[in-house]
Amino acid sequence: MSQVQAFLEQLYQELRGVSGGKVATYIPELARANPDWFGISMVTLDGRAYEVGDVAQKFTIQSISKVFVYAMALENYGREKLLKKVGVEPTGDPFNSLIRLDEDSKRPDNPMVNAGAIATTALIAGADPAERLNRLLAMFQRYVGNEVFVDASTFMSERSTGHRNRAMAHLMLNFGMIDQPIEEALDLYFQQCAVLVTAHDLAVMAATLANQGVNPITGQRAVGAEHVRDILSVMYTCGMYNFAGEWAFRVGIPAKSGVSGGILAVVPNQAGIAVFSPPLDGRGNSVRGLQVFEALSQEYGFHLFDLSLGRCNFASRE
């Protein structure tokens, strides 16, 4: 057994009994999750996987999808045009906070909060809703390496309860940040959040970004290398919402969380890491997931400043 695998298994045993946190219930379908589910997956740039626990358990990607839809918009429109629609400023607010538009530009603050994510999703081109959804799913497939699907029950659950997101969309419509037909844009947003993944899938997606946009399993390019820096920058400053500052201090890895219990993180030129554990803290982040990443960052020197100072020891311990 490799040192990395042994460390993950030890960490899993230490944290599997951690209590605290609650499974998300504001989307009724998410309330069905088993609070005992817990999986850790790490995929390296040469495609090796170190995994333990429920890494094959399917769940909906939720807000983690925002990273990859933003990457898609960057490729389609370029940095400067996209900046006219969505900013890159961290807010310090929760993921579903009421929309705050920039006083001058009327843009949402960043693409990781719901308002900015809806504006980003509304940019996906296509002749009709089916074509836009197919383009979205094809994009996810390039990152994952296999076909992905929308969970219909979760989509309908989000659609029927997403009144706050609907209100945000109408306000952005008023200021010209998104266009009609607004319900089609919202449906696509709810569908992207309801894409089914596993912890292993998320680790492959993260490893793709760590590998300059090339999927390490399939060898297929998922996003242009020239966009990866911008994607990771927004993840680092905005991906953990109102925990972003402490995350940067304690963990220091570009990351994104989702209310289904997933956290995805990218260690550039090293690996992609994902943790799945549904119980969440008050900020909407996986309780066990936060502890896993803090331990991994300390053990291997994954913090970006440790990486830049040559203190990462991961490669020597695989």
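Two strands pair if DSSP finds at least two bridges between them. Helices (H or I, at least four residues) and strands (E, at least two) are DSSP runs, numbered from the N terminus. This is a predicted model: local features need pLDDT of at least 70, side-chain atom pairs count only at pLDDT 80 or more, and totals for chains, interfaces and linings use all residues. Residue numbers start from 1 along each chain as its sequence is written, and side-chain values use heavy atoms, with hydrogens and water left out.

**Stop 1: the sheet**

Select S1, residues 39–44. Then add S2, residues 49–53. The two run antiparallel, joined by five bridges. Ser-41 stands opposite Glu-51 in S2, and Val-43 opposite Ala-49. S1 and S2 make a hairpin with four residues between them. Click Gly-47 in the turn: its phi is positive, about 90°.

Now add S7, residues 271–276. It pairs with S1 in the antiparallel sense over six bridges. Here Ile-40 stands opposite Val-275.

Show the full sheet. It is open, has five strands and follows the order S2-S1-S7-S6-S5, with antiparallel pairing. S2 and S5 (255–257) are the edge strands, each pairing on one side only. Neighbouring strands are turned by 10° against each other on average, direction ignored. Axes here are lines fitted to C-alpha atoms, for helices over the stretch in contact, and angles run from 0 to 180 degrees between N-to-C directions.

Add H1, residues 3–15. H1 packs on the sheet and touches S1 and S2. Its direction makes about 20° with that of S2. Contact means heavy atoms within 4.5 Å.

Go back to S1 and colour by accessibility. Buried means under 20% relative accessible area, exposed over 50%, partly exposed in between (1.4 Å probe, protein chains only). Six of the six residues in S1 are buried. Gly-39, Ser-41 and Val-43 point one way; Ile-40, Met-42 and Thr-44 point the other way.

**Stop 2: H2 against H5**

Select residues 65–77 (H2) and 129–144 (H5). Their axes are 11 Å apart, at an angle of about 105°. The two helices are therefore roughly perpendicular, a label for angles of 65 to 115 degrees (under 35 is roughly parallel, over 145 roughly antiparallel, the rest oblique).

Show side chains. From H2, Ser-65, Phe-68, Val-69, Ala-71, Met-72 and Asn-76 meet Arg-135, Leu-136, Met-139, Phe-140 and Tyr-143 of H5.

**Stop 3: the cores**

A nonpolar core is a set of buried Ala, Val, Leu, Ile, Met, Phe, Trp, Tyr and Cys residues joined through side-chain atoms within 4.5 Å. The largest has 49 residues. Phe-68, Phe-140, Tyr-143, Leu-202, Met-205, Leu-209 and Leu-264 have the most contacts inside it. H2, H5, H9 (199–210), H10 (225–238), S6 (262–267) and S7 each give two or more residues. H9 gives the most, with nine.

Centre on Leu-202. Beyond neighbours within four places in sequence, Leu-202 contacts Phe-59, Ile-61, Ile-64, Val-197, Leu-264 and Ala-274. A second, separate core of 31 residues includes Phe-7, Tyr-50, Ala-265 and Ala-271.

**Stop 4: Ile-64**

Finish in the loop between S3 (59–60) and H2, where Ile-64 lies. Is Ile-64 buried or exposed? It counts as buried, at 0% relative accessibility. Not counting residues up to four places away in sequence, Ile-64 touches Leu-202, Lys-256, Ser-257, Gly-258, Gly-262, Ile-263 and Leu-264. Last, select Glu-183: Ile-64 and Glu-183 are 119 residues apart in sequence and 22 Å apart in space, C-alpha to C-alpha.
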